[in-house]
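Subject: Structure handover

Hello,

Here is the structure I promised to pass on. Please open it next to this message and follow along.

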Amino acid sequence: MTSTQNPTVTVAKGDLDRAAGVERYLGPVVRDLVALAINGKQAHWHVRGANFIGVHEFLDQVVAHAQDGADTVAERIVALGLPVDARVGSVAAQTTTPELSAGFQQSADTVRAVVAQLDAVIATVYAAVKGLDDIDPVSQDIAIAVAQELDKDRWFLFSHYAD
């Protein structure tokens, strides 16, 4: 077993491979969750019309869940010894979330837009769940917990559709 050492930590080569695998799948999750938090707040500020209060207030919960999930996922990557790149430019360049319209939006349009945001992030999270299956079950459990919260948020928002 090859190992890498610094003055305080000895990391086995296999652990470096595991960490790199975790970052490969969870790095995109962090960036998508950061994008969801930013876009969710943008939507929160600009929603108008029917169901305003319900949508406006629930978007704060979506943002909080995205921020909490991003923090948990990022801390898992860092705990395994790798850095996380969730700088604004990196998030903007690498997120899978669709572009959000600028300005005020009617609540039905806002709900559809944020559901599309959630769908993109959920797809990234489920890819991580699948990819982490043979790499690191602890990281996979974290991704599963994030998926559970996102699925619930999507359900709550989708329930605002009048169609």
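Below is what was found, going from the whole chain to single residues.

**Overall**

Please keep in mind that this is a predicted model. The protein chain has 163 residues, and 39% of them count as buried. Its secondary structure comes to 5 helices and 4 strands. Along the sequence the order is β-β-α-β-α-α-β-α-α. Take the contacts in the chain with a separation of 6 or more: residues 24 or more positions apart account for 77% of them.

**Helix α5**

Start with α5, which runs over residues 137–158. How does its span compare with 1.5 Å a residue? The 22 residues should span 32 Å, and the end C-alpha atoms are 31 Å apart, which agrees.

The buried residues of α5 are Ser-139, Gln-140, Ile-142, Ala-143, Val-146, Ala-147, Leu-150, Asp-153 and Leu-157. They cover an arc of only 150° around the axis, so they sit on the same side of α5. Pro-137, Gln-148 and Trp-155 are on the other side of α5, and these are exposed. The general background is simple. An α-helix has 3.6 residues a turn, so residues three or four places apart point the same way.

**Asp-136**

Asp-136 is in the loop between α4 (107–131) and α5. Is it buried or exposed? Asp-136 is buried, because its relative accessible area is 4% and the cut-off for buried is under 20%. Leaving out residues up to four places away in sequence, Asp-136 touches Arg-18, Val-22, Arg-76 and Leu-80. Its C-alpha atom is separated by 8.6 Å from that of Ala-19, although the two residues are 117 residues apart along the chain.

**Helix α2 and the residues beside it**

α2 covers residues 52–79. It has 28 residues and reaches 40 Å from first C-alpha to last, close to the 40 Å expected at 1.5 Å a residue. Its buried residues are Val-55, Phe-58, Leu-59, Val-62, Val-63, Ala-66, Gly-69, Ala-70, Val-73, Ala-74, Arg-76 and Ile-77. One of these, Arg-76, is touched by Asp-136.

Two backbone angles deserve a look here. Asn-51 is found in the loop between β3 (47–48) and α2. Asn-51 has a positive phi of about 60°, although it is not a glycine. For context, most residues other than glycine have a negative phi. At 45% relative accessibility, Asn-51 counts as partly exposed. Just after α2, Gly-81 also takes a positive phi, of about 100°.

**Thr-110**

Thr-110 is in helix α4. At 3% relative accessibility, Thr-110 counts as buried. Which residues is Thr-110 in contact with, leaving aside its neighbours within four places in sequence? They are Ala-43, Val-47, Val-55, Leu-59 and Gln-105. Val-55 and Leu-59 are among the buried residues of α2.

**Gly-103 and His-46**

Gly-103 is found in the loop between α3 and β4 (105–106). Its relative accessibility is 29%, so Gly-103 counts as partly exposed. Not counting residues up to four places away in sequence, Gly-103 touches Gln-42 and His-46. The C-alpha atoms of Gly-103 and Gln-42 are separated by 8.7 Å, with their positions 61 residues apart along the chain.

His-46 lies in helix α1. His-46 is buried, with a relative accessible area of 18%. With the same neighbours in sequence left out, His-46 touches Gly-103, Phe-104 and Gln-105. Gln-105 is also in contact with Thr-110.

**The largest pocket**

The largest pocket has a volume of about 260 Å³. It is lined by 14 residues. Which of them lie nearest its centre? These are Ala-35, Ile-38, Asn-39, Ala-92 and Glu-99. The elements that give two or more residues to the lining are α1 (13–46) and α3 (88–94). α1 gives the most, with 4 residues. By class, the lining has 8 nonpolar, 5 polar and 1 charged residues.

That is the handover.

Best wishes

Key:
Residues numbered from 1 in each chain as written. Predicted model: local features only at pLDDT ≥ 70, side-chain atom pairs only at ≥ 80, totals over all residues. Heavy atoms only, no water. Expected span 1.5 Å × (residues − 1). Buried < 20%, exposed > 50% of the residue type's maximum accessible area, 1.4 Å probe, protein only. Arc of directions from axis to C-beta. 1 Å grid on protein atoms, 1.4 Å probe; cavity = no way out; pocket = protein on both sides within 12 Å on 5 of 7 lines; lining within 4 Å. Points joined across faces, edges and corners; volume = space filled by probe spheres on them. Nonpolar A, V, L, I, M, F, W, Y, C, P; charged D, E, K, R; others polar. Contact = heavy atoms within 4.5 Å.
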